[in-house]
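Thanks, everyone, for making the time this morning. I would like to spend a few minutes on one helix and the aromatic rings around it, so please have a look at the model first.

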Amino acid sequence: MKNTQLDKNTVIKEVLNCAIESIRTVIPIEAQVGRPTLLTESFSHHAIGVFIGITGDLPGRLILEGSEESFSRLGTKMFGMPIEGEMVESFAGEVVNMIAGNMGAALFTKGITIDITPPTIIVGDSKISGFKQAIKLPIAFQEAGEYELVLNIEKG
């Protein structure tokens with residue numbers, strides 16, 4: 001870790017706080033954030049999941065997962081027009097990319113350096129593994145569905 005003044009737990013806390021702040025900045029709909037859950041084993045994914053790789057002070061992945069219907073409603077609410085079909089996956093990737101970019105900028109002001117990869121969109125059932133630990137946060141948007149934000153922390 002490049003930033004020796006901040007311990008790993010502080011960095012994790014700041015990443016999660018900045019991710020929530022970024023979601024509230026990028027998505028103009030009130031978000032209800034639930035309690036975080038620590039994951040130490042693989043977990044299953046059953047919907048649309050957008051993965052953004054994170055490098056730098058806290059290597060890992062940021063994942064936002066939600067149903068196709070939820071992402072469609074969210075896009076419709078944000079843009080005022082129906083988001084359907086292949087556009088739902090494209091919208092999901094772009095909105096998570098905006099959240100991760102905003103999060104990176106917010107973390108930089110706190111002395112934490114990260115870089116992000118382009119989004120990877122996974123649709124359907126899959127198993128997520130290969131991480132040391134993960135923190136899962138449930139997020140709900142009024143009339144735009146329920147989601148899970150997961151911060152995977154790489155092994156090592």
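I will begin with the helix itself and then turn to the aromatic rings.

Please keep in mind that this is a predicted model. Helix α2, which runs over residues 68-79, has 12 residues and reaches 16 Å from its first C-alpha to its last, close to the 16 Å expected at 1.5 Å a residue. Just after α2, G80 takes a positive phi of about 70°.

Which residues of α2 are buried? They are S70, F71, S72, L74, G75 and M78, and these buried residues pack against α1 (8-26) and α3, as well as against the strands β4 (48-56), β5 (60-66), β9 (131-141) and β10 (145-154).

Now to the rings, where the structure holds 4 aromatic pairs. One of them joins F79 and F91, and because the ring centres are 5.8 Å apart while the planes stand at 85°, over the 60 degrees that the class requires, this pair counts as edge-to-face. The pair links distant parts of the chain, with F79 in helix α2 and F91 in helix α3 (residues 86-108), 12 residues apart. The two partners are set in unlike surroundings, since F79 is partly exposed, with a relative accessible area of 49%, whereas F91 is buried, with a relative accessible area of 7%.

Finally, F71, which is among the buried residues of α2, also belongs to an aromatic cluster that it forms with F141 and Y147.

Definitions and conventions
Residues numbered from 1 in each chain as written. Predicted model: local features only at pLDDT ≥ 70, side-chain atom pairs only at ≥ 80, totals over all residues. Heavy atoms only, no water. Phe/Tyr/Trp six-rings, centres within 6.5 Å; stacked < 30°, edge-to-face > 60°. Helix = DSSP H or I, 4+ residues; strand = E, 2+ residues; numbered from the N terminus. Buried < 20%, exposed > 50% of the residue type's maximum accessible area, 1.4 Å probe, protein only. Expected span 1.5 Å × (residues − 1). Contact = heavy atoms within 4.5 Å.
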